[in-house]
Amino acid sequence: MLNSLPRVMLLRLWHSKQQSKTLRTQIGACTQTEEIPFITTTADTDPTVEEVRVDMAGMKVASMPVELVTSVGSCVAICIHDLTNKCGGLAHIMLPDSSVFPHELLPSKFADTAVPALAQKIRQINGKKAPLLAKIAGGANMFPNLRSDSLSVGEKNIESVKAALAAHKVKLLAEDIGGTFGRRISFNVVTGVVTIRRFKGEIKKL
Amino acid sequence: MSEEAEKNKTSKIGKEDLGVYTCTSNTCMEVEILLEIGSIGAGHAATSLSEVLQQRVLIDVPKIHNIPVHQLPNFYHRHDAPTTAVYMQLVEESECDILLLFEAEEAKKIAAIMTMTPNPDEVEASMKQSALQELANILIGSYLSAISDFTGIRLIPAPPQWIEDAFDAIIDNFLIKQAMVSNQALVFDANFRTADGNANAVLMIFPSPHLQGLLIQKSMDLCGIPIKQDGPKLIHPENETFVVCEISKPK
C-alpha cells in the first residue's frame, strides 16, 4: 500500500508525523469542535508545507507555514493575510447575514461577522495594527438550470462579503468567484498565495 | 472576549449538538416515526436498486443521528472526493430536496452495468448521465411511492438534475438552504450493499417543515395514536430537519 503512494504523499505523511505536536499547539483561534489536522490529497502546492482543513462555517488563523485548505461551492472562503507580520487566516462562510440568527455562536458562519472576527484574531496573533489584505473565492451557482427569481445564494454571499470587507477596511486584492463549479482552496498563510483548484483540474493562483 | 470563554462556548456546542439522537419525552415518538418512514422508503429503494443492477442487495438496520448542519461534511469525511450526483426536487404542497450522491468511480461502474458495457471507461458521458438520472428516477421514485402509499401524501418529483463535482461543493448548496432555517440536521443512515460493492451511494432528503409535519401527523393517524390539540410536535419546532439515507458497501 505504502509503495503505491506517490513520493510527495509519503513525504507529507512523514512530515505530518514530525510536526503534528507543534502544529496543534501553534494554531490559534480554532472555532471548530473537532480537529482533523492533516489531509493529503493533492500536490498543487509546496509539498513540504502541511495542509490544515478548515471546516464548513469554520475559521482558522496561523502564523507558521501551513496551507489552510477548504472546499467551497456556493459558500465563500475569505483569506485574510497580514503581509508585514507573515500571518493570516481563512474563514469558510455559509450565509450572508447574521441578523436573522441572533443566537448563533459561530461568527465564522456569516459573512458580516466572519470578517471582523477573522481580522481581530489575526491582530491578536501579531499584536500590531498592520494593514490586512483579503482574497476571496467561491460563491458558485452549482445548479444553473434551476430557475430562481432572485440572486443565487452564492451571489448573495459574495455581495455580503465584499460589503463586510469594505466596512472593516480590509483591502480586497483578488477574487475567483461565480461559475458553476466547486473549488478547492488552499491558502499559504506566510506567503499569502491562494491556490484554487477547480474540479476539472484547472489550477489558478491568486 | 477571552480565549477561554470562547473555548467553553465551542465545547458547549459540541456537547449539545453532537452524537446519536437520544430519546427524550416529546420528541422520541416523532423521531421514531420519521425513522420508520425512512426505513420503509429505503427498503423499497433497495428492492428497485436490486432489480436495476440485477444483483442481490442487502440492507443494514437504519440509524438516526442528530448533528449540526455545518458538521455534515466532516460526518461523511469525503471532502474533495469526485462525486456524481442527481438532484430531484419535490414540487407543489410537499416541498423537498432530494440528493443521490455516488462516488465518481462507482457511478461509472453502475452506468456500465446499466448500459451493458463491459469496460466502465468506455461509457459515453451523455450515456452515463442519462443512465444515472434514470437510476435516480427509479430509486427515488420507489422511495417516494412507498412513503406516499404509507401516508397518503401526494409527492410529485420534478425532473432530475445531474452534476459532477467535489462532494463538499455539491452538498454545501443544500446545507446553506438548510442553515437558513435550522442549526441542526437529523441524519438518517441506512447501508445497502451488493456482492461486488457497486452501490456506494448516499441518499439525502431535506423535507420542508410542512412535509415533515404532514408525515408525522398522517403516520400517527394510521397508528391510531391520538394527536394533541396543538398538533404534532416537530423535532425542531420552527425548523426543518432532513433525513439522510446512506447506501454503501461494507467497510
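This is a short chat about cysteines, one buried acid and a ring cluster in a predicted model.

Visitor: Hi! What should I know about the conventions?
Guide: The model is predicted, so local features need pLDDT of at least 70 and side-chain atom pairs count only at pLDDT 80 or more, while totals for chains, interfaces and linings use all residues. Residues are numbered from 1 along each chain as its sequence is written, chains are lettered from A and ligands numbered from 1 in the order in which they are written, and side-chain values use heavy atoms, leaving out hydrogens and water.

Visitor: Thanks! How many disulfides over all chains?
Guide: The structure holds 0, where a disulfide is a pair of cysteine sulfur atoms within 2.5 Å.

Visitor: OK, and which cysteine sulfur is nearest to A:Cys75?
Guide: That of A:Cys79, 14 Å away. A:Cys75 itself is buried, at 0% relative accessibility; buried means under 20% relative accessible area, exposed over 50%, and partly exposed in between, with a 1.4 Å probe and protein chains only.

Visitor: Why is A:Cys87 not in a bond?
Guide: Because its closest cysteine sulfur, in A:Cys79, is 14 Å away, too far for a bond. A:Cys87 is buried too, with a relative accessible area of 1%.

Visitor: Switching topic: where does A:Glu67 lie?
Guide: In strand S3 of chain A, residues 66-72. Strands (E, at least two residues) and helices (H or I, at least four) are DSSP runs, numbered from the N terminus.

Visitor: Which side chain of opposite charge is nearest to A:Glu67?
Guide: A:Lys205, 6.8 Å away, and A:Glu67 is buried yet has no salt bridge. Lys and Arg count as positive, Asp and Glu as negative, with His and the chain ends not counted; a salt bridge needs a side-chain nitrogen of Lys or Arg within 4 Å of a carboxyl oxygen of Asp or Glu.

Visitor: And the rings, how many aromatic pairs over all chains?
Guide: The count is 3. Rings of Phe, Tyr and Trp (its six-membered ring) pair if their centres lie within 6.5 Å; planes under 30 degrees apart are stacked, over 60 edge-to-face, and the rest tilted. One of the pairs is A:Phe143 with B:Tyr87, tilted, at 5.0 Å centre to centre and 50 degrees between the planes. This pair crosses between chains, from a loop of chain A to strand S3 (residues 82-91) of chain B.

Visitor: Nice! What else does B:Tyr87 pair with?
Guide: B:Phe174, also tilted, at 4.8 Å and 55 degrees. B:Phe174 is in helix H6 (residues 167-179) of chain B, 87 residues apart from B:Tyr87. Ring pairs link A:Phe143, B:Tyr87 and B:Phe174 into a cluster.
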